[in-house]
Amino acid sequence: MKKSLYLLLLLLIPLACVENTNKTDEKTEIANRAWWKEGVIYQIYPRSFKDSDGDGVGDLRGVIDKLDYIESLGVKMVWMNPFFESPMVDNGYDVSDYRAILPAFGSMEDFDELLAGLHQRGIKFVLDVVVNHSSDQHEWFKQSRSSRDNPYRDYYHWWPAEKGDPPYRYSLFDAEGNAWKYDSITDAYYLHYFAAEQPDLNWENPKVREEVYDIMKFWADKGVDGFRLDAFQFVSKDTTFPAWPKGYEKDFIKYVGMGPHLHSYLQEMNREVFSKYDVFSVSEGAGSTFEDAHLLVDADRNELDMAYHFETVDLVNSLEGYKLKELKEVFSRWDSAFAEKGWISIFLSNHDVSRIVSRFGNDTPEYRSPSAKLLTTFLLSMRGTPYTYYGDELGMTNIDFQSIEQYQDIAAINGYQKALSEGADMELHMQALNFLSRDNGRTPMQWDSTEHAGFSTATPWLPVNENYTEINVAAQDSDPNSVLNHFRAMTALRNNNQVLIYGDYEMLAPEHEQIYAYTRTLGEDQMLVLLNFSESTARMVLADGWRSAREVINNYTTLENDGTTVSLKPWQAVIMQP
Ligand code: GLC
């Protein structure tokens, strides 16, 4: 396609929003439609999005300042990581007051203004609810640890020292990997699956559950539209704490996840909270089998709305990266398991992993832009609700931290200590951290090419990536071929074509080693998605019906199509319509 035509197409796509381009709407009845299935979710890490008061830390007012930008993305929901009162040991995932805003993030008035501003723009808000654990500075825990007969004692899990050593439990963030911490005040151990400063709440105690539902109702009454339940698959525990086989942590979710009462708690939460409001719910983790995931989200079970599993994002968990065949297989398997019933989240990045373009694309100057666009094309054309992590719409990349002093994340710091004490190969450990650490995905948003990338007037809490002078919103906003404008074109395409939301998914050429190809079909509407996940040209023979198909989006200005075979350039992504 000629460059001028491509520009015209980009301009026309947003215009198409006004017009309804769906044949499907009139002709096909779509079963079980829901607003939370139809929009793209934009995830904001508030510490890193925009600092409005010059302290180097992002805040709610900063997000308010950027509401027009968020609207311009075409997203319909915003999920924001925790902004509650917290000692910030785990950047807000250690909450010390669930009804208060951390002053560094702003005030409740700021939150109300932010919520109203999103709603005025037709964007829903998803709250992060962190209730597998609280902070050790929460009043409940302060009380709980103060004496064995305190009324809050059973809000947490305690193991009295006179019973001997507690049965081994692995902690994800502990420098020794031990989830039991001895507390001399009452001569007992408390449980913490994450850091020692994040004691696990005792969900078997009905008072804890009531407290949580009250907190959720407090926020639902304010008008939040959805809940993301953090680490929720871990909440239910067998409080007899049976011994688990040695090495169980290799099968972590099987043992630690999906405890005995998880489903009844979710049904109770659904009755007490979800059913009373027009809200949607998703919990982090989906168990270890499809059956687990279905039990969590099938509509007739009245638990959650959407499964959020990790199999796709976990495809890259070492320096070796991933194989396209595996990626295709995993996405296709999850799609087929949810084709008739239930609904899933579609994502390859979040605040717990490194940057998508560095992990799943190619972040070298040559391929960064096409591969970032390809990944957007992919995620926004799959069945399920897509999640976009802030900065991914620009193709923000990993930062290059070399020494452990540069890392801020407790997981990185304690993980380093653990590796050291276990005598691990520290050079390899640092290489893996450089590629995979969560800090990679948390560097400040790159707004423009001024100092600190326009994120703050002060030195940011985590360094800005050096490439901000090139990768930033201001530069990409005015460039019709930018990663950002490709993202906008993709949200517009998805928002205006039900086939990309509800259409059946069928993978083509599963054995192809470079191209991921699939169709989406809804009634008479059909789209073909062709994605070259490689650095070399890739060819594919088109089936009859697709030979004269037109391109609806393309991350290059041309497409080589001789009527039988398409030739895709490195990281080329095209969607076609008959
Ligand atoms: C979840 C969050 C992660 C956090 C952990 C403990 O996995 O996504 O960021 O560190 O829970 O709350």
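**Exercise 1. Place phenylalanine 252 and judge its burial.**

Solution.
- Step 1: Phenylalanine 252 lies in helix H10. The model is a predicted one.
- Step 2: The relative accessible area of phenylalanine 252 is 10%. Buried means under 20%. Phenylalanine 252 is therefore buried.
- Step 3: Now take a distance. Phenylalanine 252 and aspartate 97 are 155 residues apart along the chain, and their C-alpha atoms are separated by 29 Å.

**Exercise 2. Describe what surrounds the ligand.**

Solution.
- Step 1: Start with the neighbours. There are 13 residues around the ligand, and Asp90, His133, Asp230, His351 and Asp352 come nearest.
- Step 2: Sort the shell by class. It holds 7 charged, 3 polar and 3 nonpolar residues.
- Step 3: Look for polar side-chain atoms close to ligand oxygen. In histidine 133, a side-chain N or O atom is 2.8 Å from an oxygen atom of the ligand. For arginine 228, the corresponding distance is 3.1 Å. Arginine 438 also has a polar side-chain atom 3.1 Å from a ligand oxygen.
- Step 4: Check the cover. On its own the ligand has 300 Å² of accessible area, and the protein covers 95% of that.
- Step 5: Name the site. The ligand takes up the space of the largest pocket.

**Exercise 3. Which residues have a positive phi without being glycine: find two, and say whether each is buried or partly exposed.**

Solution.
- Step 1: Recall the background. Most residues other than glycine have a negative phi.
- Step 2: Take aspartate 187. Its phi is positive, about 55°, although it is not a glycine. Aspartate 187 sits in the loop between strand S7 (180–183) and strand S8 (188–191).
- Step 3: Aspartate 187 has 34% relative accessibility, so it counts as partly exposed.
- Step 4: Take methionine 258. Its phi is positive too, near 50°, and it is not a glycine. Methionine 258 is in the loop between helix H10 (252–256) and helix H11 (262–272).
- Step 5: Methionine 258 has 18% relative accessibility, so it counts as buried.

**Exercise 4. Locate aspartate 409 and find the backbone atom that its side chain reaches.**

Solution.
- Step 1: Aspartate 409 belongs to the loop between strand S13 (385–389) and helix H16 (410–421).
- Step 2: Its relative accessibility is 3%, so aspartate 409 is buried.
- Step 3: The side chain of aspartate 409 comes to 3.1 Å from the backbone nitrogen of alanine 411.

**Exercise 5. Set separation along the chain beside distance in space for serine 345 and lysine 222.**

Solution.
- Step 1: Serine 345 is in strand S12 (residues 345–346). It counts as buried because its relative accessibility is 3%.
- Step 2: From serine 345 to tyrosine 308 there are 37 residues in sequence. In space the C-alpha to C-alpha distance between serine 345 and tyrosine 308 is 5.3 Å.
- Step 3: Lysine 222 is in helix H9 (residues 206–222). At 25% relative accessibility, lysine 222 is partly exposed.
- Step 4: Lysine 222 and aspartate 112 are 110 residues apart along the chain. Their C-alpha atoms are separated by 7.7 Å.

Key: Residues are numbered from 1 along each chain as its sequence is written. This is a predicted model: local features need pLDDT of at least 70, side-chain atom pairs count only at pLDDT 80 or more; totals for chains, interfaces and linings use all residues. Side-chain values use heavy atoms; hydrogens and water are left out. A residue is near a molecule or strand if one of its heavy atoms lies within 4 Å of it. A polar contact is a pair of N or O atoms within 3.5 Å; within protein, one must be able to donate a hydrogen and the other to accept it, and residues adjacent in sequence count only if both atoms are side-chain atoms. Accessible areas come from the Shrake-Rupley method with a 1.4 Å probe; for residues, only the protein chains shown count as cover. On a 1 Å grid over the protein atoms alone, a cavity is a set of points where a 1.4 Å probe fits but cannot get out, and a pocket is an open set with protein on both sides within 12 Å along at least five of seven lines; lining residues have an atom within 4 Å of a point. A molecule sits in a cavity or pocket if more than half of its atoms lie within 2 Å of its grid points. Ala, Val, Leu, Ile, Met, Phe, Trp, Tyr, Cys and Pro count as nonpolar, Asp, Glu, Lys and Arg as charged, and the others, Gly among them, as polar. Helices (H or I, at least four residues) and strands (E, at least two) are DSSP runs, numbered from the N terminus. Buried means under 20% relative accessible area, exposed over 50%, partly exposed in between (1.4 Å probe, protein chains only).
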